[in-house]
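Me: I have a structure open and would like to talk it through with you. Could you go over it with me, piece by piece?

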Amino acid sequence: MSPIESAAVDAAINRARTRQAVHLAPEPSVHTAPDEQTGLARLLRHRLGLANHPAVISGHSDERHMLLPGGIHYPAVALLLSHQGWSLRFLATYNDRRRLVFDVVDTCPYCHEPVPTEEIGRAEDLGDYLLRSRDALGGSPRFRLSPAHAVGCRARGD
């Protein structure tokens, strides 16, 4: 297990034992960053509690997914979190409540395409996802709507 995975799993176990999540400081502003990808990388780093961690987070526009639900003009941002040969992909979009969310991008169990799979708001959520242990793991609301699914994929109801 990578150090990031271990820290996330430890955070999830601690939350399960204490029924309290780690307190996070106020979120950094995406708008004060030099560009969108840098701002989103800062925000993901903050939410995962990686402020002092040497992990690299890089980003690029994801032309298959839109930034806003039902949007047609602005692409979502794909982020890659990597450290010492380990990596995890995320998709940054806004949800229906206009909150910026990050979804883990993983393989669809039906069509085997990379799609937004689980919404991750903090390190504890990532730990739960990695452990596949939380009863509330319900998947990302963007999972079924993702245009990245193969044509005819059962996940989309095709």
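Reply: What follows goes through the overall fold, the strands, the cores, a helix and the cysteines of this predicted model.

Me: How many helices and strands are there, and in what order do the elements run?

Reply: The protein chain has 3 helices and 5 strands, and from the N terminus on, the order is α-α-β-β-β-β-β-α.

Me: What radius of gyration does the protein chain have, and what would a compact globule have?

Reply: The radius of gyration is 15 Å, which agrees with the value near 15 Å that a compact globule of 158 residues would have. Along the principal axes, the C-alpha atoms fill a box of roughly 40 × 40 × 35 Å.

Me: What share of the residues is buried, and how much area does the protein chain expose?

Reply: Of the 158 residues, 44% count as buried, while the exposed area comes to about 9100 Å², with carbon and sulfur atoms supplying 51% of it. As for contacts with a separation of 6 or more, 46% of them are accounted for by residues 24 or more positions apart.

Me: On to the strands. How many bridges join β2 to β3?

Reply: β2 and β3 run antiparallel and are joined by 7 bridges, one of the pairs being V77 with A92 in β3. The two strands form a hairpin with 2 residues between them, and Q84 in that turn has a positive phi of about 50 degrees.

Me: And which residue in β4 is the bridge partner of A92?

Reply: That partner is F102, so to speak of A92 is to speak of a residue bridged to V77 as well as to F102.

Me: How many residues lie between β3 and β4 in their hairpin?

Reply: There are 5 residues between β3 and β4, and R98 in the turn has a positive phi of about 65 degrees; these strands are also antiparallel, with 6 bridges joining them.

Me: Changing topic, which residues have the most contacts inside the largest nonpolar core?

Reply: They are L48, L79, L81 and F90, in a core of 24 residues. At least two residues of this core come from each of α1 (3-18), α2 (36-47), β2 (75-83), β3 (86-94), β4 (100-107) and α3 (123-131). A second, separate core of 7 residues includes V115, F143, A148 and A155.

Me: What is L79 in contact with?

Reply: Leaving aside neighbours within four places in sequence, the contacts of L79 include L40, A41, L44 and I57, and also L88, F90, A92 and F102.

Me: What about α3, is it mostly covered or mostly exposed?

Reply: α3 is mostly covered, with 7 of its 9 residues buried, and among these are the charged-letter positions E124, D125 and D128 along with A123, L126 and Y129. The buried residues of α3 pack against α1, α2, β3, β4 and β5 (114-120), and the helix is followed by R132, whose phi is positive, near 55 degrees.

Me: Last topic, how many disulfides does the structure hold?

Reply: The structure holds 0 disulfides. C111 is in no disulfide, and the nearest cysteine sulfur, that of C153, is 3.6 Å away.

Me: Why is there no bond between C153 and C111?

Reply: The sulfur of C153 is 3.6 Å from that of C111, which is too far for a bond, since a disulfide is counted within 2.5 Å.

Me: Are these two cysteines buried or exposed?

Reply: C111 is buried, with a relative accessible area of 14%, and C153 is buried too, at 4%.

Technical notes:
Residues numbered from 1 in each chain as written. Predicted model: local features only at pLDDT ≥ 70, side-chain atom pairs only at ≥ 80, totals over all residues. Heavy atoms only, no water. Core = buried A, V, L, I, M, F, W, Y, C linked by side-chain atoms within 4.5 Å. Buried < 20%, exposed > 50% of the residue type's maximum accessible area, 1.4 Å probe, protein only. Helix = DSSP H or I, 4+ residues; strand = E, 2+ residues; numbered from the N terminus. Contact = heavy atoms within 4.5 Å. Rg over C-alpha atoms; globule rule 2.2 N^0.38 Å. Areas by Shrake-Rupley, 256 points an atom, 1.4 Å probe, with all protein chains shown as cover. Pairing = 2+ DSSP bridges.
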